[in-house]
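Work through the exercises below with the model open. Try each task before you read its solution.

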Amino acid sequence: MKDSIEDLALFGGRPLLSRPVVVGRPNVGDRARFHRLLDEALDSGRLTHCGPLVREFERRVAEAAGVRHCVAMCNATLALSVLARAAGIAGEVIMPSLTYVATPHAMRFLGLRPVFCDVDPETGCLDPARVERLITPRTGAILGVHLWAQPCDADALQEIADRHGLPLFFDAAQALGSRHRGRPVGGLGRAEVFSFHATKVVNAFEGGAVVTDDERLAERVRAVHNFGKDATGLVGGVGTNAKMTEGAAAMGIVSLEALDDSIARNVRRHDRYAAELAGVPGLRLHRYGGPHANNHQYAIVRIDPEVAGVHRDLVLTALAAENVFAQPYFSPGCHQLEPYATENPVSLPVTERLADQVLALPTGQGVTDDEVVQISRILRMIVGNGAEVTRRSLRPAAATTS
Ligand code: T4K
């Protein structure tokens, strides 16, 4: 461990870790079983088009989400677009800006207009009262995002959606395994969308799914994701190709089988971060409490530059020099990205403040408990000496003599 900030790699010291440690290392599960499932698919010759492994994955995801229907797809971005198309959404979609850019892009791609709403300062999820103020005759839907796998305030949002006769959907890309008041995420609103990207709590290389209890909507989603074909194979309307492959489903099945272990490991890492990071002014580990359960796939800290004397971006750089590759999820807010910044300039003070301060730390399978302790201690050193680290980083490099 380093004795003083002079030893930070940012100032020329040796990196803390001997190997790069990243956020989002895949949760793989039982590799031998994955290889066996893949062999089954190869032997059968059925590699895609809603084959047996995709069907099995859909059955298990629906079970985990506590819903009747699941349509697996090649990623969550397309799953969001397919859902909006299948549900016949038109006009404006109210959503948070503090999300991955996939959320607005999936709507804008269909010609819908994202309307960004500010968020709760504690959770970073949609603020229901502000949502209601944005509803106009042009509003076609409300799209909540379970940021960092935290369930949105689904009861309040549902009540507003019902009162205005609007459909409510959730981007649950990050949130498989989380629970809203004891109920699995997946059954909230009219439908929800999961991601099974390599970085998610359940990984299918790339993958996504629409889950719902609405049978007619599920049928339409299934048609739209498969060229508009109905159950008999007849093309009944416009569709796309968003199908999941058997290889992706094989990975998804084994990763899903490891979900409880992945969550338990995440919780352990989070507890370790909590113990090690307590008491540093301006540094706060985001806690997942209240009536909901979280899959802990994201270990988020907030760094308040006014208290700590150091900005999140410099902390990111200093950590990277130590071989610790944290991520600024999600910065900047989507409303500050194109085309939204030009098409619909808005000011979202809570979102902007959060986006300026948050940092996701490595957790899960890609990091050991011991590395979590080391990362925490170096983070304490950087933030605890924030003003000095900032001052030193601004000093011009010493002139070299030849
Ligand atoms: N809605 C929300 C709220 C989302 O968070 C996302 C995706 C979506 C919708 C859309 O879901 P998909 O269409 O992707 O299914 C990553 C992921 O690409 C993205 O899926 C995810 N959210 C987002 C939060 O993170 P980037 O641009 O940060 O990816 P990248 O390549 O910089 O990698 C991030 C970290 O993961 C790095 O530390 C390296 C590590 N990594 C990445 C990959 C691809 C691995 O360890 N192994 C890998 O295979 O977006």
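## Exercise 1: two helices at an angle

α11 and α14 are oblique to each other. This is a predicted model.

Task: derive the orientation of α11 and α14 from their packing angle, then list the residues in contact.

Solution.
1. Locate the helices. α11 covers residues 312-321 and α14 covers residues 369-384.
2. Take the geometry. The angle is about 140 degrees, and the axes are 11 Å apart.
3. Classify. Angles over 145 degrees count as roughly antiparallel, and 65 to 115 as roughly perpendicular. The pair α11 and α14 is therefore oblique.
4. Give the hand. α11 and α14 cross in a right-handed sense.
5. List the contact. α11 supplies Val315, Ala318 and Leu319, while α14 supplies Ile378, Leu379, Ile382 and Val383.
6. Sort by class. The contact of α11 with α14 has seven nonpolar residues, no polar ones and no charged ones.

## Exercise 2: a second partner for α14

Task: describe how α9 packs against α14, and sort the contact residues by class.

Solution.
1. Locate the partner. α9 spans residues 259-277.
2. Take the geometry. α9 and α14 pack at about 30 degrees, with axes 9 Å apart.
3. Classify. Angles under 35 degrees count as roughly parallel, so α9 is roughly parallel to α14.
4. Give the hand. The crossing of α9 and α14 is right-handed.
5. List the α9 side. Arg268, Arg269, Arg272, Tyr273, Glu276 and Leu277 take part.
6. List the α14 side. Asp369, Val372, Val373, Ile375, Ser376, Arg377, Leu379 and Arg380 take part.
7. Sort by class. The contact of α9 with α14 holds six nonpolar, one polar and seven charged residues.

## Exercise 3: α1 and α8

Task: are α1 and α8 roughly parallel or roughly antiparallel?

Solution.
1. Locate the helices. α1 runs over residues 31-44 and α8 over residues 246-257.
2. Take the geometry. The angle is about 150 degrees, and the axes lie 9 Å apart.
3. Classify. The cut-off for roughly antiparallel is over 145 degrees, so α1 and α8 are roughly antiparallel.
4. Give the hand. The crossing of α1 and α8 is right-handed.
5. List the contact. Arg33, Phe34, Leu37, Leu38 and Ala41 of α1 meet Glu246, Gly247, Ala250, Met251, Ile253, Val254 and Glu257 of α8.
6. Sort by class. The contact of α1 with α8 has eight nonpolar, one polar and three charged residues.

## Exercise 4: the ligand

Task: which residues come nearest to the ligand? Then find polar atoms that face an oxygen atom of the ligand.

Solution.
1. Start with the surroundings. There are 25 residues around the ligand, and Val23, Thr77, Asp171, Ser195 and Tyr329 come nearest.
2. Check tyrosine 329. An N or O atom of its side chain is 2.7 Å from a ligand oxygen.
3. Check alanine 76. A polar backbone atom of alanine 76 is 3.0 Å from an oxygen atom of the ligand.
4. Check histidine 197. An N or O atom in the side chain of histidine 197 is 3.2 Å from a ligand oxygen.

## Exercise 5: backbone in the loops

Task: find the cis peptide bonds at proline 332 and proline 339, and examine phi at alanine 149.

Solution.
1. Serine 331 and proline 332 are joined by a cis bond, with omega about -5 degrees.
2. Glutamate 338 and proline 339 are also joined by a cis bond, with omega about 5 degrees.
3. Place the prolines. Proline 332 is in the loop between β13 (324-325) and α12 (340-343). Proline 339 is in the loop between β13 and α12.
4. Turn to alanine 149. Its phi is positive, about 70 degrees, although it is not a glycine.
5. Place alanine 149. It sits in the loop between β5 (139-145) and α6 (154-163).

Methods. Residues are numbered from 1 along each chain as its sequence is written. This is a predicted model: local features need pLDDT of at least 70, side-chain atom pairs count only at pLDDT 80 or more; totals for chains, interfaces and linings use all residues. Side-chain values use heavy atoms; hydrogens and water are left out. Axes are lines fitted to C-alpha atoms, for helices over the stretch in contact, and angles run from 0 to 180 degrees between N-to-C directions. Helices (H or I, at least four residues) and strands (E, at least two) are DSSP runs, numbered from the N terminus. A crossing is left-handed if the near helix is turned anticlockwise from the far one by less than a right angle, and right-handed if clockwise. Contact means heavy atoms within 4.5 Å. Ala, Val, Leu, Ile, Met, Phe, Trp, Tyr, Cys and Pro count as nonpolar, Asp, Glu, Lys and Arg as charged, and the others, Gly among them, as polar. A residue is near a molecule or strand if one of its heavy atoms lies within 4 Å of it. A polar contact is a pair of N or O atoms within 3.5 Å; within protein, one must be able to donate a hydrogen and the other to accept it, and residues adjacent in sequence count only if both atoms are side-chain atoms.
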